[in-house]
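The following exercises ask you to read a protein model from its overall fold down to individual backbone angles. Work through each task before turning to its solution.

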Amino acid sequence: MKKIEHIGIAVKDIERSNKLFKSLFGTAHYKIEDVESEGVKTSFFKCGPNKIELLQATNEESPIAKFIEKKGEGMHHIAFAVDDIEQEIERLTKEGFTMIHKEPKQGADNKLIAFLHPRSTNGVLIELCQEIKA
């Protein structure tokens with residue numbers, strides 16, 4: 001894992017949250033994107049060298065909707081950049097981690113993604129992200 005790629009925050013209302021984080025960071029979001037496969041609308045902010053991803057559920061079956069129902073709004077996951085997501089999934093599986101996604105899938109912000117189950121990472125949902133090469 002190369003670096004923290006972004007921190008994901010679950011929100012109920014992305015427009016209201018965009019205003020809040022714009023005030024907090026002093027800059028507007030740079031991208032809004034729907035990820036239909038995950039049932040979310042995302043909004044990305046840059047804060048220095050870091051990125052924050054706001055996630056709003058677009059349907060009741062979305063993992064974000066279920067998260068907010070159980071825990072309320074707040075930090076959802078930490079994403080790490082990797083060079084080869086398939087190799088990293090294989091390595092982590094061999095190390096005994098439980099993968100939610102055994103194969104990478106298309107995510108937001110031009111990334112392939114895969115999640116590790118929090119039961120194998122001390123309760124922290126971890127996302128792997130690989131930049132999709134053009």
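**Exercise 1.** Determine how much area the protein exposes and what share of it carbon and sulfur atoms supply, bearing in mind that this is a predicted model.

*Solution.* The exposed area of the protein comes to about 7,900 Å², and 51% of that area is supplied by carbon and sulfur atoms. As a second step, turn to burial: of the 134 residues, 43% count as buried, where the cut-off for buried is a relative accessible area under 20%.

**Exercise 2.** Describe the order of helices and strands along the sequence, and decide how the radius of gyration compares with the globule rule.

*Solution.* Begin with the count, which is three helices and eight strands. Along the sequence they follow the pattern β-α-β-β-β-α-β-α-β-β-β. The radius of gyration is 15 Å, close to the 14 Å that the globule rule gives for 134 residues, so the protein is as compact as a globular protein of that length. For the extents, the C-alpha atoms fill a box of roughly 45 × 35 × 25 Å along the principal axes. Finally, among contacts with a separation of 6 or more, 52% are between residues 24 or more positions apart.

**Exercise 3.** Characterise the largest pocket by its volume, and work out which element gives the most to its lining.

*Solution.* The space in the largest pocket is about 630 Å³. Its lining is made up of 34 residues, of which Pro63, Ile64, His76, Phe115 and Leu125 are the closest to the centre of the pocket. Next, assign the lining to elements: strands 1, 3, 4, 5, 7 and 8, together with helix 2 (63-71), each supply at least two residues, and helix 2 gives the most, with six residues. Sorted by class, the lining holds 16 nonpolar, eight polar and 10 charged residues.

**Exercise 4.** Find where aspartate 109 and asparagine 110 lie, and establish for each residue whether phi is positive or negative.

*Solution.* Start from the general expectation that most residues other than glycine have a negative phi. Aspartate 109 has a positive phi, near 60°, and asparagine 110 likewise has a positive phi near 60°. Aspartate 109 is placed in the loop between strand 6 (105-106) and strand 7, and asparagine 110 is also found in the loop between strand 6 and strand 7. The last step is accessibility: aspartate 109 has a relative accessible area of 9% and is therefore buried, whereas asparagine 110, at 35% relative accessibility, counts as partly exposed.

Terms used: Residues numbered from 1 in each chain as written. Predicted model: local features only at pLDDT ≥ 70, side-chain atom pairs only at ≥ 80, totals over all residues. Heavy atoms only, no water. 1 Å grid on protein atoms, 1.4 Å probe; cavity = no way out; pocket = protein on both sides within 12 Å on 5 of 7 lines; lining within 4 Å. Points joined across faces, edges and corners; volume = space filled by probe spheres on them. Helix = DSSP H or I, 4+ residues; strand = E, 2+ residues; numbered from the N terminus. Nonpolar A, V, L, I, M, F, W, Y, C, P; charged D, E, K, R; others polar. Rg over C-alpha atoms; globule rule 2.2 N^0.38 Å. Buried < 20%, exposed > 50% of the residue type's maximum accessible area, 1.4 Å probe, protein only. Contact = heavy atoms within 4.5 Å. Areas by Shrake-Rupley, 256 points an atom, 1.4 Å probe, with all protein chains shown as cover.
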